[in-house]
Amino acid sequence: MKEKLNHLQIVRGIIDEDKFRFAAATILIDYYLDEMKNKGKDKDMTRTNLLDRVNLSLRSMGNAEVSYGFIRRWFE
């Protein structure tokens, strides 16, 4: 995950901020869901928990948050 985010940071100046934010959120969502699945706790991960984790990571990178609707796509 960190390697993907580092590569994304490199192209940050080339792409606009919304594309960067959604790409970073997608990487984070895949990572968190995969980690929870590997630990056998994927049933414990709720949409709001995932939203909180992703938005916290995005804020720490200096980006705006993603909406609940964006997260919902991974739980359909």
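Here are some questions and answers on how the terms apply to this predicted model.

The model is predicted, so local features need pLDDT of at least 70 and side-chain atom pairs count only at pLDDT 80 or more, while totals for chains, interfaces and linings use all residues. Residues are numbered from 1 along each chain as its sequence is written, and side-chain values use heavy atoms, with hydrogens and water left out.

Q: What makes up the secondary structure of the protein chain?
A: Helices (H or I, at least four residues) and strands (E, at least two) are DSSP runs, numbered from the N terminus. Counted that way, the chain has 4 helices and 0 strands. Reading from the N terminus, the order is α-α-α-α.

Q: Why is the protein chain called as compact as a globular protein of that length?
A: You set its radius of gyration, taken over C-alpha atoms, against the globule rule, which is 2.2 Å times the number of residues to the power 0.38. For 76 residues the rule gives 11 Å, and the chain comes to 12 Å, which is close, so the label fits. As for the box that the C-alpha atoms fill, it is roughly 40 × 25 × 20 Å along the principal axes.

Q: How do you know that the span of helix 2 agrees with its number of residues?
A: The expected span is 1.5 Å times one less than the number of residues. Helix 2 (residues 17-38) has 22 residues and should span 32 Å; its end C-alpha atoms are 31 Å apart, so the two agree. After helix 2 comes Gly40, with a positive phi near 80°.

Q: Why is Asn55 called buried?
A: Buried means under 20% relative accessible area, exposed means over 50%, and partly exposed is in between (1.4 Å probe, protein chains only). Asn55 has 5%, so it counts as buried. You'll find Asn55 in helix 3.

Q: What makes Ala23 partly exposed?
A: Its relative accessible area is 27%, so Ala23 gets that middle label. Ala23 sits in helix 2, and its C-alpha atom is 15 Å from that of Leu51, 28 residues away along the chain.

Q: Why does Ile15 get the label partly exposed?
A: Ile15 has a relative accessible area of 27%, so partly exposed is the right label. Ile15 lies in the loop between helix 1 and helix 2.

Q: What does Ile15 touch, not counting residues up to four places away in sequence?
A: Contact means heavy atoms within 4.5 Å. By that test, Ile15 touches Leu8 and Phe20. Asn55, with its neighbours within four places left aside, is in contact with Glu65 and Val66.

Q: Which residues of helix 2 are buried, and what do the buried residues pack against?
A: Among them are Phe20, Ala24, Leu28 and Tyr32. An α-helix has 3.6 residues a turn, so residues three or four places apart point the same way. The buried residues of helix 2 pack against helix 1 (2-10), helix 3 (47-60) and helix 4 (68-72).

Q: How many of the residues of the protein chain count as buried?
A: Of the 76 residues, 32% do.
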